[in-house]
Amino acid sequence: MLTLAMLLSIVMWASPTLKGIYRTIRLNDGTTLKVHQCGDERLGYWMADDGRMFINSNEKGELREVSETEMATLREKAMLKTAVFGDAIKYYRQLADGKQAICYCVSVNHSIAMAEEFKDAGISAVHIDGG
C-alpha cells in the first residue's frame, strides 16, 4: 500500500476582505456595536474592537455572534470546501507517481478528506495523525 514519504507542498491562499469596511449592528439587548469586516473569500465575518466575532445568520444579512471554537470550526469547513485536492493528485502523479509520499494537511479533518480524495483517484492512501 502506498503511504502518503516524499513531501508534496500545496500552497493555498485566498483574497482577504477589503480593509476599512465598518458597519454598526444592533445587539439583542438593544445596544449598538461598531464592527469591521474580516476574513477572506472563503469565510467573511465581522469583528468588534473587543474581539467578538459575528457572521451572517440569514440571507437578510442579520448577524449572530460566534465563539472562538465555532469560528475555528467554520474556518476549517471553509478550508476543506475550497481545498485543492485535484492539484495535489496531479502533482503527486507528476512528481512521485507510484512512490511513497507524505502529504501534510492543515487539520485532522483535512488529512482524512485528502486521503479519501487520493483513494477516489485510485491512489492507495491512509490518514495518520499524532493525536
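Here are some questions and answers about this predicted model.

User: How confident is the model, and what is the mean pLDDT of the protein chain?
Analyst: This is a predicted model, so local features need pLDDT of at least 70 and side-chain atom pairs count only at pLDDT 80 or more, while totals for chains, interfaces and linings use all residues. Residues are numbered from 1 along each chain as its sequence is written, and side-chain values use heavy atoms, with hydrogens and water left out. pLDDT is the predictor's confidence in each residue, from 0 to 100; 82% of the chain's residues reach 70 or more, and the mean is 80.

User: Over which residues does pLDDT stay under 50?
Analyst: That stretch still has 43 contacts (heavy atoms within 4.5 Å) beyond four places in sequence in the model. The residues in question are 1–13.

User: Which residue in the turn between β2 and β3 has a positive phi?
Analyst: Strands here are DSSP runs of E, at least two residues, and helices are runs of H or I, at least four, numbered from the N terminus. β2 (residues 22–26) and β3 (residues 32–39) run antiparallel and are joined by five bridges; strands pair if DSSP finds at least two. They form a hairpin with five residues between them, and the positive phi, about 95°, belongs to Gly-30.

User: Which helix gives the largest share of the largest nonpolar core?
Analyst: A nonpolar core is a set of buried Ala, Val, Leu, Ile, Met, Phe, Trp, Tyr and Cys residues joined through side-chain atoms within 4.5 Å, where buried means under 20% relative accessible area, exposed over 50% and partly exposed in between (1.4 Å probe, protein chains only). The largest one has eleven residues, including Ile-89, Tyr-92, Met-114 and Phe-118. α2 (85–96) and α3 each supply at least two of them. The largest share, four residues, comes from α2.

User: Within what arc do the buried residues of α3 fall?
Analyst: In α3, His-110, Ser-111, Met-114, Ala-115 and Phe-118 are buried. The arc is taken from the directions from the helix axis to the C-beta atoms. Seen down the axis, these buried residues line one face of the helix, because they fall within an arc of 135°.

User: Is Gly-130 buried or exposed?
Analyst: Gly-130 sits in the segment after α3 (108–120). Its C-alpha is 9.4 Å from that of Val-108, 22 residues apart along the chain. With 87% relative accessibility, Gly-130 counts as exposed.
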